Amino acid sequence: MVKALFINGSPRKNFNTAQLLQKAMEGTKEAGAEVEMVNLYDRNLNYKSCMSCFACKVKGGKKGVCSFPDDLKPIMERAVEADVLVCGSPVYCGYPTAGLRAFMERLIFPAVNYADFRHPVINKPKRSATIFTMNCPDEEMYRANNYHILMDTNAHQLGMFGPTEVLYSFDTYQFNDYSRYDAEGLPAEWKAEKHRTQFPLDLDAAYNLGRRLVEETR
Ligand SMILES: Cc1cc2nc3c(=O)[nH]c(=O)nc-3n(C[C@H](O)[C@H](O)[C@H](O)COP(=O)(O)O)c2cc1C
């Protein structure tokens, strides 16, 4: 059975990024995959980014997977074994979140082969995708802010494991009640309208993405 792993790099377990990941997960499940969601900001999950232990480069050692002994270790093993991997992150100050970056360092560095850079250590090739959510209103502004360089460069690193793609959700609803916040620069009616009209389309796109990733695996 196709194994699909979803990595939520947002601290919020039920907001924009999580909802899109859940929809993508629904798509993969309906296409027949076995699914799992990991919330990187779960308070019970204690881990760091790469600690530069170089265990993944030791002669005769286990290659291609991070074996640093903390709570991320079993998740890294499942990420390496997954056939489908979908990461999600809000844009935070122009970058993916620190949580997702930590996960990426621990996924990607063990696959970098210091013995022969042309041949990464890929224990299991996989289809992958990254879902980015942001306050940024559209793709034009995304590019004007250089997010395509900072965010997409991160996302495309997953391409070392096989075909990868990126899904964007722009102009997201940041709060449930805009009247509680000093956020006059973000007109509440506009954000509500976008949430009502655009976000459902983004959810559909995430669902279709999930289905497609599994179908293309077969
Ligand atoms: C710390 C922080 C930094 C942010 N930086 C940006 C940013 O640089 N560009 C942007 O478009 N949105 C930015 N946002 C907005 C979020 O990316 C956006 O609301 C996102 O959809 C939140 O995801 P979530 O609902 O899954 O938590 C930021 C939000 C926070 C909390």
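**Reading a predicted model: overall form, core and ligand shell**

Mentor: In this predicted model, the protein has a radius of gyration of 18 Å, which agrees with the value near 17 Å that a compact globule of 218 residues would have. Along its principal axes, the C-alpha trace spans about 60 × 35 × 35 Å.

Trainee: What makes up the secondary structure of the protein?

Mentor: The secondary structure comes to 7 helices and 5 strands. Read along the sequence, these elements follow the pattern β-α-β-α-β-α-β-α-α-β-α-α. Of the contacts with a separation of 6 or more, 79% join residues 24 or more positions apart.

Trainee: How many of the 218 residues are called buried, and what makes a residue buried?

Mentor: A residue is buried if 20 or more other C-beta atoms lie within 10 Å of its own. Buried residues make up 35% of the 218 residues.

Trainee: What makes the largest nonpolar core a core, and which residues have the most contacts inside it?

Mentor: A nonpolar core is a set of buried residues of certain nonpolar kinds, joined through C-beta atoms within 7 Å. The largest such set has 45 residues, and Phe6, Ala24 and Val86 have the most contacts inside it. The elements that give two or more residues to this core include strand E1 (3–8), H1, strand E3 (84–90) and helix H7 (199–217). H1 gives the most, with 5 residues. In soluble globular proteins, nonpolar side chains tend to be buried together.

Trainee: Which residues does alanine 24 touch?

Mentor: Leaving aside residues up to four places away in sequence, alanine 24 touches Phe6, Val86, Ile131, Ala206, Tyr207, Leu209 and Gly210.

Trainee: Why are the buried residues of H2 said to line one face of the helix?

Mentor: The buried residues of H2 are Ile75, Ala79 and Val80. Seen down the axis of H2, they fall within an arc of 140°, so they line one face of the helix. An α-helix has 3.6 residues a turn, so residues three or four places apart point the same way. What covers the buried residues of H2 includes E1, strand E2 (34–39), E3 and H3.

Trainee: How many residues surround the ligand, and which are the closest?

Mentor: The ligand is surrounded by 17 residues, of which Phe15, Thr17, Pro90, Met134 and Cys136 are the closest. Helix H1 (residues 16–30) supplies the largest share of this shell, 3 residues.

Trainee: How do the residues of the shell divide into nonpolar, polar and charged?

Mentor: The shell holds 8 nonpolar, 8 polar and 1 charged.

Definitions and conventions. Residues are numbered from 1 along each chain as its sequence is written. This is a predicted model: local features need pLDDT of at least 70, side-chain atom pairs count only at pLDDT 80 or more; totals for chains, interfaces and linings use all residues. A residue is near a molecule or strand if its C-beta atom, placed from the backbone, lies within 6 Å of it. Helices (H or I, at least four residues) and strands (E, at least two) are DSSP runs, numbered from the N terminus. Ala, Val, Leu, Ile, Met, Phe, Trp, Tyr, Cys and Pro count as nonpolar, Asp, Glu, Lys and Arg as charged, and the others, Gly among them, as polar. A residue is buried if 20 or more other C-beta atoms lie within 10 Å of its own, exposed if 12 or fewer, and partly exposed in between; C-beta atoms are placed from the backbone. Two residues are in contact if their C-beta atoms, placed from the backbone, lie within 7 Å. The arc is that of the directions from the helix axis to the C-beta atoms. The radius of gyration is taken over C-alpha atoms; the globule rule is 2.2 Å times the number of residues to the power 0.38.
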